[in-house]
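What follows is a guided reading that moves from charged side chains to the open spaces between parts of the chain. Please keep the sequence and the model side by side while reading.

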Amino acid sequence: MKEYHPPLGDRSGLRLDFNENTFACSPRVLEALGRISRGDLTRYPEREPVECAVARHLGLEPAQVLLTNGVDEAIHLLCQTYLDAGTEVLLPIPTYTMYEVYASGTPAQVIHVPAGEGFRFPAEALLNAITPTTRLIAIANPNSPTGQAARREDLLRIVDAAPQAAVLVDEAYFHFFGETIIDLVGRAPNVIVARTFSKAYGLAGLRLGVLGAAEEQMRWIRRAVSPYSVNSVALVCLASALGDEEYLRWYTNEVLASRPVFEAALQRLGVPYWPSQANFVLTNIGSKHHAFVEAMRTRGVLVRDRSADPGCDGCVRITLGTREQTDQGIAALEESLAAIGWTRENP
Ligand code: PMP
C-alpha cells in the first residue's frame, strides 16, 4: 500500500482545487462553537443523539445511519467490512482516489472498469464485470473528477445484479445534482449511500460524513467502526448546521448559478470540458496543463491538475464557488491561458 498525500501545501488564495465549499459554513456553526465549554471537552463524544437527528433529516431510521469521520472513513470501513482474500471490488474509473487507496490495504482484487465515451457511466461494462466474488462496488454519483452522473435505472440494474455485494453510491455532491437513491436504503439490502458535510455544508475541516444502509448491513459495518471517530466538537457543529437549511440553499444556489456561467466562459474561450452535475468542472487544457495550473496559482487561484487520472491526460479540475468567485476564476483563467500561449488551435 502506497502512502497517499493530497497536494495541500500553501493554499492561500481562491481554493478552486478540492471541491470544498469555497466560502464559509453556516454562521450558526460558529455560534455553537462559542457555546462549547472547557468541561464539555473532557467527555468522550457521544454520536448517537446527533446520529438520530441526521437520520430524521435524511428520512431514515437511526439504526440505518452511521456518522463517520468524513466519507473517507466510511470508505475505509466498507473496505475493512467487506473485502477479504478472494474477493473483488469494482471501480468505474476515473473516480475518487480513496476507493482504490483503502481497497489496496486489503487482500481483495481491485477491478477497474473504464468509463465510456465522454466519461459516461459504464453501466454495461460494470454489469459484465460482476462475478460471484464481487463484494464491493463503489460508485461516486456524480463522479469526481468528471462531474458525470449515473442514471437511477442503471444503478438499480447494478444493485439487482449484485446481491452478493455492497453497492456504495457515494453522493458527496448530492446538493449540486439533486438526484438520490437514498429512498432505497432499507428496501434494497445491499445499497449503501454516503453523504458528506465537507462540500455544500462547508465543514470539511471538521470531518463529518454519513452512511445510510439497511439495518442488517449496518450491523456488520458497526463492528469495524471506532466508537469515537467523530469528535464532540464536530457533533455539536453538525447539529447546528443541520438546522440552517436557508444557508445551505443559499450556497447551493450560488454554485448552481455559477455552473452555466463558467461553462459558457469555457465555450467562449474554446476550452474543451465535460458538462458537470457537481460543484466543479473538468477541463481539458492539453499539453500545457502544468503551466496552466502554475499560471492560475500566480494569479491567486488554486486548481487541481488531474492529468494523472486514468483517461484524463491534460485535464484540470476547477471547483465552482459563489458567483463572485467564479467571475474571479474566469478572469484568472483567461489571463492564464494568454500567459502560457494557449490557443484553441494550438492547445
Ligand atoms: N467522495 C467523493 C466522491 C469525494 O470527491 C470526496 C471529497 N474529495 C469524498 C468522498 C470525501 O469526503 P469527506 O471530506 O467527507 O471525507
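Two residues are said to be in contact here when heavy atoms of theirs lie within 4.5 Å. The model is a predicted one, and a useful place to enter it is arginine 306, which sits in the loop between E11 and strand E12 (315-319). Leaving aside residues up to four places away in sequence, arginine 306 touches Thr97, Pro145, Leu282, Cys312, Cys315, Val316 and Arg317. Its relative accessible area is 9%, and arginine 306 therefore counts as buried, the cut-off being under 20%.

Arginine 306 also takes part in a salt bridge with aspartate 309, in which the closest N and O atoms are 3.1 Å apart. Aspartate 309 is buried as well, with a relative accessibility of 12%, so this salt bridge joins two side chains that both fall on the buried side of the cut-off. Elsewhere, salt bridges that share partners bring Glu124, Arg151, Glu153, Asp154 and Arg157 together in one network.

How many salt bridges does the structure hold? The count is 20, and two further examples are worth following along the chain. In one of them, arginine 323 pairs with glutamate 254, with 2.9 Å between the closest N and O atoms. This pair links distant parts of the chain, since arginine 323 belongs to helix H12 (residues 323-339) and glutamate 254 to helix H10 (residues 245-269), and the two are 69 residues apart. The partners are not alike in their surroundings: arginine 323 is partly exposed, at a relative accessible area of 45%, whereas glutamate 254 is buried, at 10%.

Helix H12 appears again in the other example, where the side chains of glutamate 335 and arginine 299 form a salt bridge of 3.1 Å from N to O. Here too distant parts of the chain are linked, with glutamate 335 in helix H12 and arginine 299 in the loop between helix H11 (289-298) and strand E11 (301-305), 36 residues apart. Glutamate 335 is partly exposed at 46% relative accessibility, and arginine 299 is also partly exposed, at 30%.

The open spaces of the model come next. The largest pocket holds about 610 Å³ of space, and it is lined by 29 residues, of which Phe18, Asp72, Tyr96, Lys199 and Arg207 are the closest to its centre. Helix H3 (70-82) and helix H4 (97-103) are the elements that give two or more residues to this lining. By character, the lining of the largest pocket divides into 12 nonpolar, seven polar and 10 charged residues, and at least three residues come from each of domain 1 (14-22 + 246-339) and domain 2 (27-243).

The second largest pocket, with about 510 Å³ of space, leads back to residues already met. Among its 23 lining residues, those closest to the centre are Tyr4, Thr97, Glu100, Val101 and Asp309; Thr97 is one of the contacts of arginine 306, and aspartate 309 is its salt-bridge partner. Strand E3 (88-93), H4 and E11 each give two or more residues to this lining, and H4 gives the most, with three. The lining of the second largest pocket comprises 10 nonpolar, six polar and seven charged residues, and it likewise draws at least three residues from each of domain 1 and domain 2.

Notes
Residues are numbered from 1 along each chain as its sequence is written. This is a predicted model: local features need pLDDT of at least 70, side-chain atom pairs count only at pLDDT 80 or more; totals for chains, interfaces and linings use all residues. Side-chain values use heavy atoms; hydrogens and water are left out. A salt bridge is a side-chain nitrogen of Lys or Arg within 4 Å of a carboxyl oxygen of Asp or Glu. Helices (H or I, at least four residues) and strands (E, at least two) are DSSP runs, numbered from the N terminus. Buried means under 20% relative accessible area, exposed over 50%, partly exposed in between (1.4 Å probe, protein chains only). On a 1 Å grid over the protein atoms alone, a cavity is a set of points where a 1.4 Å probe fits but cannot get out, and a pocket is an open set with protein on both sides within 12 Å along at least five of seven lines; lining residues have an atom within 4 Å of a point. Grid points are joined across faces, edges and corners, and a volume is the space filled by probe spheres set on the points. Ala, Val, Leu, Ile, Met, Phe, Trp, Tyr, Cys and Pro count as nonpolar, Asp, Glu, Lys and Arg as charged, and the others, Gly among them, as polar. Domain bounds come from an automatic or database domain assignment.
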